[in-house]
Amino acid sequence: MAFKLDEAYQFTMELAREAGAILRERFGTALTVEQKGPADLVTEADRLSEAHILRRIRERYPDHDILAEESGLQARSGAFRWIIDPLDGTTNFARSLPLFGVSIALEVEGELALGAIYDPMGEELFSAVKGRGAWLNGEPIRVSTVERLEDGLFAMAFPSALRRTPMAQKSLAQFAVFSQRSLGVRRLGTAVLELAYVAAGRLDGYWGLELNAWDMAAGVLVVQEAGGQVSGLDGSPFRLDGRQILASNGRLHPTMVHRLAEAGARDGAALPGQEEGRP
Ligand code: IPD
Ligand code: CA
Ligand code: CA
């Protein structure tokens with residue numbers, strides 16, 4: 001079957017809704033929760049959602065590559081690659097906090113071509129097609145027009161193992177700098193929805209470390225197509241395998257890079273509760 005981007009886009013949106021329905025049915029029920037690593041959970045809902053997405057993609061596009069969080073890479077032709085997070089915000093989900101999403105993106109020849117992020121509890125479907133725009137439930141979305149840090153509302157992700165590592169110190173310093181200088185800093189626990197909210201202008205910026213391609217792929221395209229900007233935390237070109245992202249409305253990007261660097265420079269300083277001799 002010849003590949004048609006429009007059909008693939010419709011298919012992706014259907015699939016995100018179907019997977020979201022699987023999660024919604026199981027939300028708030030007793031689930032087996034397993035620990036993959038420190039502060040890294042997986043539930044049967046993650047696996048059921050992913051199995052459904054994989055089955056549907058395999059039926060329709062048997063020769064496409066698929067990179068999915070719970071099962072890794074299935075390599076085929078190399079020209080098309082689906083990038084899947086079947087449940088982003090597993091910790092929220094496992095604790096009956098209704099903020100989580102499904103994320104599905106498609107790369108064609110190494111370029112993000114389309115993406116969909118679905119919040120099954122809020123019934124919000126964020127989507128984008130390269131060069132054509134970004135939408136929320138079919139209505140076009142744009143990033144915010146906020147220009148000053150002090151008017152900005154932000155979200156961030158702390159590294160999952162928030163111990164006394166240099167990276168954790170840096171994240172805490174960033175949180176402090178932005179909290180002191182902005183309207184506020186949220187930590188929603190779901191990178192895919194945080195990126196979608198930047199695209200929809202609900203948040204003015206988001207940054208995170210220790211992220212994987214499936215946490216970022218669809219969100220990157222949705223943000224870019226809504227007029228926003230993505231990069232590394234230091235403003236360097238964004239890389240899907242770079243483990244980090246800074247996403248913003250564009251106007252705030254240089255200021256955010258500057259303030260994140262300032263916080264980075266502070267990261268060796270003692271933070272509250274971490275003074276010499278204290279546990
Ligand atoms: C996690 C969430 C979280 C982010 C973590 C991710 P998961 O994804 O997006 O916000 O801080 O780094 O691993 O495990 O819930 O799919
Ligand atoms: Ca994730
Ligand atoms: Ca996940």
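Which residues coordinate the calcium ion (ligand 2)? Select ligand 2 and the answer appears: Asp85, Asp88 and Asp215 coordinate the calcium ion through OD atoms, at 2.1 to 2.2 Å. Donors here are N, O and S atoms within 2.8 Å of the metal (3.2 Å for Na, K and Ca), and water is not among the atoms, so sites may look incomplete.

Before proceeding, note that this is a predicted model, in which local features need pLDDT of at least 70, side-chain atom pairs count only at pLDDT 80 or more, and totals for chains, interfaces and linings use all residues. Residues are numbered from 1 along each chain as its sequence is written, chains are lettered from A and ligands numbered from 1 in the order in which they are written, and side-chain values use heavy atoms, with hydrogens and water left out.

**The calcium site**

Along the chain, the donors of ligand 2 follow the spacing D-x2-D-x126-D. Asp88 in strand β5 (residues 80-88) and Asp215 in helix α6 (residues 213-225) are 127 residues apart, so that distant parts of the chain are linked. Helices (H or I, at least four residues) and strands (E, at least two) are DSSP runs, numbered from the N terminus. Asp88 is buried, with a relative accessible area of 6%, and Asp215 is buried at 9%. Buried means under 20% relative accessible area, exposed over 50%, and partly exposed in between (1.4 Å probe, protein chains only). Add ligand 3 to the selection: the two calcium ions are 3.7 Å apart, and Asp85 coordinates both.

**The two domains**

Next, colour domain 1 (5-140) and domain 2 (149-266) separately; such bounds come from an automatic or database domain assignment. Their centres, taken over C-alpha atoms, are separated by 21 Å. The contact (heavy atoms within 4.5 Å) takes 37 residues from domain 1 and 24 residues from domain 2. One salt bridge is counted between the domains, the term meaning a side-chain nitrogen of Lys or Arg within 4 Å of a carboxyl oxygen of Asp or Glu. Select Arg202 and Glu124 to view a salt bridge whose closest N and O atoms are 2.7 Å apart.

**Helix α7**

Finally, select residues 253-265, which form helix α7. Its buried residues include His253, Met256 and Leu260. Among the elements covering the buried residues of α7 are α4 (166-181) and β15 (244-248). Pro254 is also found in this helix, but counts as exposed at 56% relative accessibility. Measuring C-alpha to C-alpha in the viewer, one may compare Pro254 with Gly235: they are 19 residues apart in sequence and 7.7 Å apart in space.

How values were computed
Expected span 1.5 Å × (residues − 1).
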